[in-house]
Amino acid sequence: MRTSSRRSGISVWGSEAVSFADYRGADTTHVYVLPVSVSLLPRQFSQGRSERHPGQAVRQDWIELNISASATTPVRRNATRPACRNLRSTVEIGPSVDLHLWKSADERIKFDVRLPLRAVFTVQARPHSIGAVFAPNASIDIKDVAGFQGWYFGALAGPLFADHRYHDYFYTVAPQFATPERPAYEATAGYSGAEFLVALSKRYPSFWVGAYVRHDTLAGAVFEPSPLVKTQ
């Protein structure tokens, strides 16, 4: 779900506790306390205007070239991975071709397809390339959903793919680290699972409310047989 440029307003700083799975397929989590800024005039869904927004490189009525980015948290002292290497934080960045395939005559409903391709690097003194990920997805944005003025509904779904080096970093068990409970395994490139997201939000004159639900599945992923995958 794309957002338009942020308008000026008042921001309130605070903190929140966020629980992350150690990695996709892990059955363990770590909790982080993060500083957050809550804007009283936040971004809203793009209405197809022609101005650029942060991360946008090229804009046309039916196609955009944007910058896509993502990241993972570090993993240390994971019970599933004793003797295996710890996982450093990673950063993913690369281009995304976004296609605006259809919109209703009143521009209340929009259907887009996004094609992000991101290179992945470890976060350390000398960043190390660990491959690339491809995360195509389709999304629908609906304004004034079900006749409720000002409410926005968004849904997104798509498969995930990655190359051998990326899957190797997270899911390979080298022979020297193999045990009877954790046999050796070599990850390969290919399908990485899929993700689904739905969100609902509304912007008021002085604040914004919203909620989302995200489902991430590893069913059918090429690395699903890895002994480091404990949950789908």
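This report describes a helix, a surface patch and two loop residues in a predicted model.

## Basis of the model

Residues are numbered from 1 along each chain as its sequence is written, and side-chain values use heavy atoms, with hydrogens and water left out. Because the model is predicted, local features need pLDDT of at least 70 and side-chain atom pairs count only at pLDDT 80 or more, while totals for chains, interfaces and linings use all residues.

## Helix H1

In helix H1 (residues 164-171; helices are DSSP runs of H or I with at least four residues, strands runs of E with at least two, numbered from the N terminus), Tyr166, His167, Tyr169, Phe170 and Tyr171 are buried, that is, under 20% relative accessible area with a 1.4 Å probe and protein chains only. Seen down the axis of H1, these buried residues fall within an arc of 160°, taken from the directions from the axis to the C-beta atoms, so they line one face of the helix. They pack against strand S4 (63-72), S5, S6, S7, S9 and strand S10 (190-203), contact meaning heavy atoms within 4.5 Å.

## Two loop residues with positive phi

Most residues other than glycine have a negative phi. Glu107, in the loop between strand S5 (90-103) and strand S6 (109-122), has a positive phi near 60°; its relative accessible area of 31% makes Glu107 partly exposed, the class between 20% and 50%.

Ala146, in the loop between strand S8 (137-143) and strand S9 (151-162), likewise has a positive phi, of about 55°, and at 67% relative accessibility Ala146 counts as exposed, the class over 50%.
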